[in-house]
Amino acid sequence: MTHQTPDQVHDVIIVGSGPAGYTAAVYTARANLSPIVLAGSVTAGGELMNTTDVENFPGFPEGVMGPDLMMNMEAQARRFGADIRHEDATQLQLNNPIKEITLGSGATLHSRAVILATGSAYRELGVPGEKQLSGHGVSWCATCDGFFFRDQVIAVVGGGDSAMEEALFLTKFASKVYVIHRRDTLRASQIMADRAKANEKIEFIWDTEVTEVRGDGKVSQLGLRNLVDGSESTLDVTGLFVAIGHDPRVQLFSDQLDLTPDGTVQVIGRTSRTSLPGVFAAGDVLDPHYRQAITAAGSGCVAALDVEEYLADAADTDASETRESQNLHAAAT
Ligand SMILES: Cc1cc2nc3c(=O)[nH]c(=O)nc-3n(C[C@H](O)[C@H](O)[C@H](O)COP(=O)(O)OP(=O)(O)OC[C@H]3O[C@@H](n4cnc5c(N)ncnc54)[C@H](O)[C@@H]3O)c2cc1C
């Protein structure tokens, strides 16, 4: 089999355009690595494109709208020369020193390093009203949005540790937190379950699913169904936190590199280095726990600095191999 050398090999290709991808783009562009960002054909900007106010990203004392923040990040990356393409990566070949990336258009790109910044998708209930009222009372992140629900009556859906964590955190703001769960026992660890059950602001609604989120521009009521007797009811709340899990977007490369038991990309220590040389990860795709815009951005910075180091080391190795072979050649002649 013969290997053709590709016409052009880029230094780094970044897959994903959330805070992690764009931060990696700013850093690698400023390091003269001419990054290409595959921003996604319809999802450019990542999760924050789906929300309204972001009040916890430093540098914006009055808060900032999620889409504005992401458009600013994109503009900042472009300013330093990042080549941002609104295309999907549809296939990745990551094992060889030169990585091959196939795009939705069918074109193929090659690069010495790849940063995987594909994020993590929050699971949705898939009920009427949920999407329409996202950012208007429906949330997937208590840390991000709990503050907006001071003295209000709200609900959390889920029965695992993260649902208990969200519910307990929300009791700092809300006057009452209903926890709606499909079963009559929790999946959460005993300690988290005990803590939630002991909190007097939390009330459990067992064996129940949410069938609809209602409200005129803002959440005001949930439709509920009891799964034991099938009876329908309503619950008046102004907020709904969906805490039924999240899926790291690893499908494209999960068969090529190591993952953690949580399904996130396994990295080495505090670096962004994955189990494959030249492949780096950043943002929520490697993070089973924190999943914030600022942690994703910080992790994009780490990945960019790791790529710089990797490419510099690779260039040093190439140079010393060339010198060695020149010396051997000189000695032989
Ligand atoms: C509704 C909502 C509100 C939130 N509010 C806040 C908040 O107020 N404050 C806060 O700090 N955090 C908030 N978060 C969390 C925050 O959005 C995430 O932690 C952050 O966006 C993660 O950044 P990321 O770059 O890792 O991934 P993402 O933002 O998920 O971006 C990844 C991008 O890569 C794209 N992608 C995936 N695969 C491919 C591919 N094959 N080719 C091309 N592109 C691809 C995805 O479609 C996506 O656009 C919120 C999340 C949600 C869902």
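This section describes the ligand environment and the aromatic pairs of a predicted model.

According to an unreviewed UniProt entry, residues 10-300 carry the annotation "domain: FAD/NAD(P)-binding". In the model, this span is 20% helix and 28% strand, and its end C-alpha atoms are separated by 19 Å.

The ligand is surrounded by 32 residues, of which Ala20, Thr43, Asn56, Asp284 and Ala293 come nearest. Classified by residue type, this shell comprises 14 nonpolar, 12 polar and six charged residues. Helices α1 (19-30) and α6 (293-332) each contribute at least two residues to the shell. Among the polar contacts, a ligand nitrogen atom lies 2.9 Å from an N or O atom in the side chain of asparagine 56. A ligand oxygen atom is found 3.3 Å from a polar backbone atom of glycine 46, and an oxygen atom of the ligand is likewise 3.3 Å from a side-chain N or O atom of arginine 249. Of the 1,000 Å² of accessible area that the ligand has on its own, 95% is covered by the protein.

Six aromatic pairs were counted in the model. One of them is stacked, because the ring centres of phenylalanine 204 and tryptophan 206 are 4.8 Å apart and the planes meet at 5 degrees. Phenylalanine 204 is buried, at 15% relative accessible area, whereas tryptophan 206 is partly exposed at 28%. Phenylalanine 280 and tyrosine 310 instead pair edge-to-face, with 5.7 Å between centres and 70 degrees between planes. Since phenylalanine 280 belongs to strand β19 (residues 279-281) and tyrosine 310 to helix α6, this pair ties together parts 30 residues apart in sequence. Both partners are buried, phenylalanine 280 at 1% relative accessibility and tyrosine 310 at 18%. In addition, Phe147, Phe169 and Phe173 form one aromatic cluster.

Conventions. Residues are numbered from 1 along each chain as its sequence is written. This is a predicted model: local features need pLDDT of at least 70, side-chain atom pairs count only at pLDDT 80 or more; totals for chains, interfaces and linings use all residues. Side-chain values use heavy atoms; hydrogens and water are left out. UniProt positions are given in the numbering used here, feature names are shortened, and annotations may be inferred rather than shown by experiment. Helices (H or I, at least four residues) and strands (E, at least two) are DSSP runs, numbered from the N terminus. A residue is near a molecule or strand if one of its heavy atoms lies within 4 Å of it. A polar contact is a pair of N or O atoms within 3.5 Å; within protein, one must be able to donate a hydrogen and the other to accept it, and residues adjacent in sequence count only if both atoms are side-chain atoms. Accessible areas come from the Shrake-Rupley method with a 1.4 Å probe; for residues, only the protein chains shown count as cover. Ala, Val, Leu, Ile, Met, Phe, Trp, Tyr, Cys and Pro count as nonpolar, Asp, Glu, Lys and Arg as charged, and the others, Gly among them, as polar. Rings of Phe, Tyr and Trp (its six-membered ring) pair if their centres lie within 6.5 Å; planes under 30 degrees apart count as stacked, over 60 as edge-to-face and the rest as tilted. Buried means under 20% relative accessible area, exposed over 50%, partly exposed in between (1.4 Å probe, protein chains only).
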